[in-house]
Protein chains: 2
Amino acid sequence: MNAKPPTSLDVARLAGVSQATVSYVLNDRPGMRISDETRARVREAADRLGYVPHAGARTLRTGRSGLVLISMEDIPYGPLAVGMLEELDRELSRRGYTLVQYGARRLRGVPAARAWAELRPVAVLAGAGKLSRQALEVLRSAGVKAVIALGNQPSPVVPSVALDHEGIGVLAAGHLIDRGCRTLAAIVPTEVGLREMGERRLAGVQRVARARGVPLTRVDLPFREESAAALADLWRAVDGVFAYNDEYAMLLMAVLGDAGLTVPGDVRVVGCDDLPLAALLRPRLTTVRLDLSAMPSTLVQRLEELIAEGQGTPYRIDPWTATLVVRESS
Amino acid sequence: MNAKPPTSLDVARLAGVSQATVSYVLNDRPGMRISDETRARVREAADRLGYVPHAGARTLRTGRSGLVLISMEDIPYGPLAVGMLEELDRELSRRGYTLVQYGARRLRGVPAARAWAELRPVAVLAGAGKLSRQALEVLRSAGVKAVIALGNQPSPVVPSVALDHEGIGVLAAGHLIDRGCRTLAAIVPTEVGLREMGERRLAGVQRVARARGVPLTRVDLPFREESAAALADLWRAVDGVFAYNDEYAMLLMAVLGDAGLTVPGDVRVVGCDDLPLAALLRPRLTTVRLDLSAMPSTLVQRLEELIAEGQGTPYRIDPWTATLVVRESS
DNA sequence: TTGTAGGCGTTATCAA
DNA sequence: TTGATAACGCCTACAA
């Protein structure tokens with residue numbers, strides 16, 4: 001019960017060989033010719049003792065932990081992100097790495113990067129906001145080989161995997177104008193963490209609206225029914241709204257209905273994310289679907305490049321695809 | 001650039017003291033009287049070098065990693081769970097532990113528990129399904145002090161924090177019958193991972209329905225509009241449905257509307273989770289709200305008990321609260 | 001008040 | 001084909 005965990009030395013003793021042999025066998029080190037009988041004895045002994053190697057000791061000795069840290073706070077949890085995470089985990093463990101989600105807020109004034117560095121990870125994925133030059137220095141000096149920024153906009157200091165939020169706005173605005181909308185509005189959420197994304201998406205809408213001569217109103221909106229309902233006059237004055245995402249679209253459609261406005265007759269609405277609820281709204285919601293399925297492999301590829309070649313390149317953006325899912329009845 | 005990370009010895013040399021002194025100062029070890037000047041010199045040196053202690057080495061030496069592992073797969077990601085996780089992280093780091101989310105699937109046939117054990121965590125939180133007696137043995141033998149099962153039903157072998165899904169069903173059924181429903185249906189999702197929970201909730205509905213003499217139909221339903229629509233006859237035959245959760249409730253309400261049935265006039269519907277969308281449906285959705293706010297602190301408390309006293313107790317369930325949010329207009 | 005020395009579990013070098 | 005042995009970075013009992 002209170003016995004200390006068995007070590008490779010324990011295994012060696014039980015198998016009647018040396019510690020080194022145990023290491024050779026268990027890591028089946030190439031180039032070492034060890035008799036099958038010895039191998040079997042070692043394996044058997046390890047099994048019987050329930051031997052599990054000590055990751056810390058191995059890291060200490062080899063200088064490589066194989067850990068890939070990803071910060072929890074910077075992941076917009078949802079079906080999309082979770083699926084991507086799981087695939088990323090699979091992909092990484094396939095290549096011998098270990099993905100670990102790690103909090104970014106530390107108490108006692110210890111900055112996040114410092115806490116990450118203690119684990120001597122081989123790579124760190126974190127929101128661009130948390131990768132200050134200073135944080136980066138801490139990581140580099142702790143031997144982190146690859147740092148990649150996640151988030152809404154690219155980091156100026158490390159390679160980034162950033163969603164092209166403007167592209168979403170472009171897609172949505174194009175659709176609305178194509179369908180005949182002449183007066184647009186675009187919702188920007190006021191929630192922290194969302195506003196930034198909202199503004200990027202807005203920028204895309206703006207670009208298209210300007211290019212095609214359609215007036216556009218920016219609507220800063222908290223996710224509250226009363227707030228949306230209070231803008232009834234505004235909704236009456238436009239005929240097309242990009243709602244930022246499907247949840248905002250649902251909020252909007254609820255208050256539009258309450259105000260006696262019809263969709264898409266009086267106002268067209270476009271959401272984003274293609275949540276299950278999008279197809280369940282009446283009328284069904286037209287939305288922008290993000291395809292992140294290519295992201296895990298891209299991420300891993302970049303990661304291995306950085307690990308191999310060193311973190312040379314300053315920054316760049318990685319691709320993904322967005323498609324419009326048209327559901328409006330018309 | 002390629003310099004190896006500074007060690008405490010480097011700090012000692014720069015500060016002109018011994019390695020031991022560095023350790024004393026940086027961990028401000030009580031009982032050690034070290035001059036303020038020395039302290040300052042050590043701190044200064046550590047800063048200048050960007051010294052970050054090596055977690056692996058410390059774990060190796062002290063025998064304690066302070067790591068608390070939680071398995072990613074067993075968390076039903078959503079606003080509720082994410083908030084709880086963040087609070088748990090805060091709570092744990094406040095007490096000197098480090099929460100880390102870790103994948104449960106390993107390749108190469110290495111079972112999850114074995115991979116967890118390599119990190120020598122002090123505690124492991126994982127789905128009851130992953131905590132077989134065998135897995136537990138591996139963990140215990142690796143020095144894991146506390147193992148707590150998360151999930152839908154308690155583990156027979158370790159302490160569990162399990163949601164009282166039956167209670168949800170009881171609450172929902174009570175409400176429906178109180179409001180005059182005489183023929184109930186309860187949805188059980190067919191998705192893996194959800195079905196189990198659905199059946200627990202169903203059991204609660206069943207208990208109440210039986211006790212109050214109300215007939216109940218179990219409806220196994222995939223989350224697809226066509227499937228729900230195909231059951232139009234069934235929906236017509238009941239006057240109260242517990243929809244498992246808010247998303248299913250939304251699905252149901254969409255097809256009810258399509259079939260010309262009114263809510264709550266023809267059929268009453270109760271959801272669960274009190275998602276934002278619940279208040280946005282028309283009519284607004286009555287739902288069961290889960291309050292998990294007490295869970296992180298309870299969890300941490302149990303954890304520390306187990307660490308201190310050893311994993312003695314076989315198992316038990318921990319509390320939480322569910323409340324009914326009534327929104328129906330009537 | 002500070003320094004010396006040993007060992008935690010693992011891998012790798014070298015010798016047998 | 002296998003076995004001693006040293007070293008990774010840190011902490012701590014003990015010595016000075």
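This is a short tour of the interface between chain A and chain B in a predicted model.

Start by selecting chain B and chain A together. The contact involves 58 residues of chain B and 58 residues of chain A. Between them, about 4,800 Å² of area is buried, and carbon and sulfur atoms give 60% of that figure. Now pick out B:V52, B:R120 and B:L280 in chain B. These lose the most area to chain A, and together they make up 13% of what the chain B side buries.

Next, turn to the charged pairs. The rule finds 8 salt bridges across the interface of chain B and chain A. To see one of them, select A:R282 and B:E225, whose closest N and O atoms lie 2.7 Å apart. Polar contacts can be looked at in the same view: 12 residue pairs across the interface qualify, with both residues at pLDDT 80 or more.

Then colour chain B by secondary structure. On the side that touches chain A, at least two residues each come from the helices α4 (55-62), α5 (79-94), α6 (112-118), α7 (133-141) and α12 (246-258), and from the strand β2 (98-102). Colouring that side of chain B by residue class gives 31 nonpolar, 10 polar and 17 charged residues.

Finish at the strands. Select residues 98-102 of chain A, which form strand β2, and show β2(B) with them. The two strands pair in the antiparallel sense over 3 bridges. Which residue of β2(B) is the bridge partner of A:V100? Select B:Y102 to see that partner.

Terms used. Residues numbered from 1 in each chain as written. Chains lettered and ligands numbered in written order. Predicted model: local features only at pLDDT ≥ 70, side-chain atom pairs only at ≥ 80, totals over all residues. Heavy atoms only, no water. Contact = heavy atoms within 4.5 Å. Buried area = accessible area lost by both parts, 1.4 Å probe. Salt bridge = Lys/Arg side-chain N within 4 Å of Asp/Glu carboxyl O. Polar contact = N/O pair within 3.5 Å; in protein donor to acceptor, adjacent residues only side chain to side chain. Helix = DSSP H or I, 4+ residues; strand = E, 2+ residues; numbered from the N terminus. Nonpolar A, V, L, I, M, F, W, Y, C, P; charged D, E, K, R; others polar. Pairing = 2+ DSSP bridges.
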